[in-house]
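Me: Please take a close look at one site in this model, starting from its contacts. Then place that site in the whole chain and set a few other positions beside it.

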Amino acid sequence: MVFQRNQPLVVKGTVKFAHASKQIDASKLSATLAQGKMTASATAKIAKNGSFTCTLNAQKASLESYSLQVKYDGKVVTELAKVYVGDVFVAAGQSNMELNYTQYYPENSANFGNGIIKETDLPKPLVDKNVKFVIADHDVKNTDFPLANVNLNAGAWLNADSMNSLHLSYLTQQFALQLRAKHPNVPVGIIQTAWGGTPIRRHVRGGDIYANHIAPLKDFHVAGVLWYQGCDDAMNFATATEYESQMTALINQYRTVFGRKNLPFLYVQLARWTNYQYTQNVREAQRTTLDNANLQDRSNVAMTVSLDTDKGTSALIHPLGKDILGARMAAQYLAMENGTKNAVSVPNGPLIERARHIVDGKIALSFQIGTASGLKAMQPNYTKSASASAPDYTKNSKATPLDGISNIVIPTTAALQGFEVANSSGQWVPANAIIRGNQVVLSAANGTPLDNLSGITQVRYLFSGNPKCASMLYNDFNLPASPFITIVE
């Protein structure tokens with residue numbers, strides 16, 4: 001298994017004697033982590049119900065294994081022979097996070113899109129013995145963390161290899177690949193709790209997945225949470241409307257479980273898809289979660305926009321492009337890891353701040369600080385030539401995972417598309433958009449009934465389930481602007 005580096009190592013369990021008359025002496029129960037001559041030990045604290053906790057001192061990352069022994073009265077009760085210390089991530093959500101070869105692709109033409117994608121289009125399995133993972137089973141019958149058969153049969157976390165990785169989330173494989181390239185001496189651990197076809201209410205406190213996938217991990221420290229979910233909640237208006245409050249609560253609750261108020265939490269905004277009516281509403285809820293007043297700590301929360309990543313497979317609910325998403329999320333995490341205390345240094349696409357009326361019947365759109373540098377119009381590359389690989393950090397130590405993304409956009413001289421305005425009656429019409437410094441300025445489009453935009457009350461951008469644009473708004477990170485809908489001041 002893998003423990004989180006630079007955080008206390010918490011070992012938990014329960015004790016029970018065969019004879020109830022015997023008492024448990026906490027001073028005789030201990031846990032010891034050993035690697036060569038180095039040892040770290042802690043005696044237990046035992047509750048009345050027999051549960052115990054041993055908290056060992058934090059350790060640095062190491063590719064060399066430790067052994068972990070739990071002893072009572074000098075005798076070894078149980079031992080884990082190969083324990084590693086590195087960076088551990090929880091991979092949560094639904095099917096686009098869970099998506100792996102074994103569950104989703106064999107003999108399933110629907111998931112290959114009836115020819116839209118081929119098996120050779122899928123990412124190659126990650127082969128790296130220093131990436132280890134454990135998968136939660138689709139089981140909510142009790143409050144213990146349920147192991148999937150692939151881990152249960154092995155009795156251990158699995159190494160990422162050509163066979164084991166067939167069970168591991170494609171997105172987390174790609175994320176781990178990026179981190180391992182940046183930190184070759186740091187093992188990566190993945191705890192995969194994602195469950196396809198589940199609404200967010202099952203993942204928050206009170207939901208059954210939270211109760212037996214997340215709550216049992218309390219006191220276990222991790223480096224961050226990776227989240228991709230929302231399709232189920234896009235099926236009806238009520239759940240789409242509730243999504244922002246649910247998402248905000250979920251982030252707060254996960255951080256409480258893992259004992260860190262500013263724990264990195266990275267999530268993917270929904271990709272293009274036509275089949276659920278309220279996909280764009282969930283996307284908007286995901287965007288506004290970033291600034292929700294009930295978010296207990298807004299630092300180290302980042303959203304990855306996915307509208308340009310599907311490589312032309314938006315007809316599929318499980319599109320391609322997990323390599324691009326993994327690179328973008330890794331870039332955000334590594335920026336957080338460097339100790340940034342605000343969003344300015346974390347790479348985000350343009351995030352709308354406000355829309356306001358200006359002279360000549362036009363509207364100026366302003367974006368959040370740090371997201372609107374180098375605004376430009378670019379054409380997304382919706383072909384399979386778009387890809388991402390890990391940079392060679394030995395040649396450029398200042399590289400980021402974004403440098404490994406290739407052919408994601410194509411320069412264009414076409415005017416920005418996708419901007420619409422609505423009057424007080426709620427009628428939406430296209431608007432012309434031009435870039436002016438770090439703002440976008442809207443004016444009435446030719447062929448619309450508007451002479452100017454002085455009476456306009458709302459603005460939106462790419463606000464549909466499967467928007468198609470030949471010219472989208474990007475910044476100097478080559479990251480796309482998030483879709484949005486907002487009032488005009």
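**A glutamine and its surroundings**

Reply: Start with Gln192. Leaving aside neighbours within four places in sequence, Gln192 is in contact with Ala91, Glu98, Asn100, Val134, Ile135, Ala136, His167, Leu168, Ser169 and Thr172. The model is a predicted one. Gln192 sits in strand E11, which covers residues 188-192. Its relative accessibility is 0%, and the cut-off for buried is under 20%, so Gln192 counts as buried. One of its partners deserves a distance. Ala91 is 101 residues away from Gln192 in sequence, but their C-alpha atoms are 4.7 Å apart in space.

Now the whole chain. Contacts between residues far apart in sequence carry much of the count: pairs 24 or more positions apart make up 72% of the contacts with a separation of 6 or more. The protein has eight helices and 26 strands. Its radius of gyration is 24 Å, close to the 23 Å from the globule rule for 489 residues, so the protein is as compact as a globular protein of that length. Along the principal axes, the C-alpha trace spans about 90 × 45 × 45 Å. Of the 489 residues, 54% count as buried. The exposed surface comes to about 21,200 Å², and carbon and sulfur atoms supply 49% of it. For electrostatics, there are 44 positive and 35 negative charges, with mean positions 6 Å apart.

Next, the nonpolar interior. In soluble globular proteins, nonpolar side chains tend to be buried together. Here the largest nonpolar core holds 134 residues. Trp227, Leu365, Phe419, Val440 and Leu442 touch the most other members. Helix H8 (residues 322-337) gives this core its largest share, ten residues. Another core lies apart from it, with ten residues that include Tyr104, Ile117, Tyr170 and Leu316.

Leu365 shows how one such hub is built. Beyond four places in sequence, Leu365 is in contact with Ile352, Arg354, Ala355, Phe419, Gln439, Val440, Leu442, Val459 and Phe484. Among these partners, Phe419, Val440 and Leu442 are also on the list of residues with the most core contacts.

Compare Ile435, in strand E22 (residues 428-436). Ile435 counts as partly exposed because its relative accessibility is 30%, whereas Gln192 is buried. Not counting residues up to four places away, Ile435 touches Leu375, Lys376, Ala377, Leu416, Val440 and Leu473. Val440 thus appears beside Ile435, and beside Leu365 as well. Set a distant pair against the Gln192 example. Ile435 and Asn236 are 199 residues apart in sequence, with their C-alpha atoms 36 Å apart.

Finally, the backbone. Most residues other than glycine have a negative phi. Two asparagines depart from that. Asn6 has a phi near 60°. Asn6 belongs to the loop between strand E1 (2-4) and strand E2 (9-14). Asn478 also has a positive phi, of about 60°. Its loop runs between strand E25 (472-474) and strand E26 (484-487). Asn478 is partly exposed, with a relative accessible area of 28%. One link back to the core contacts: Phe484, a partner of Leu365, falls within the range of strand E26 (484-487). Another link runs through Ile435: its partner Leu473 falls within strand E25 (472-474).

Key
Residues are numbered from 1 along each chain as its sequence is written. This is a predicted model: local features need pLDDT of at least 70, side-chain atom pairs count only at pLDDT 80 or more; totals for chains, interfaces and linings use all residues. Side-chain values use heavy atoms; hydrogens and water are left out. Helices (H or I, at least four residues) and strands (E, at least two) are DSSP runs, numbered from the N terminus. The radius of gyration is taken over C-alpha atoms; the globule rule is 2.2 Å times the number of residues to the power 0.38. Buried means under 20% relative accessible area, exposed over 50%, partly exposed in between (1.4 Å probe, protein chains only). Contact means heavy atoms within 4.5 Å. Accessible areas come from the Shrake-Rupley method with a 1.4 Å probe; for residues, only the protein chains shown count as cover. Lys and Arg count as positive and Asp and Glu as negative; His and the chain ends are not counted. The place of a charge is taken as NZ of Lys, CZ of Arg, CG of Asp or CD of Glu. A nonpolar core is a set of buried Ala, Val, Leu, Ile, Met, Phe, Trp, Tyr and Cys residues joined through side-chain atoms within 4.5 Å.
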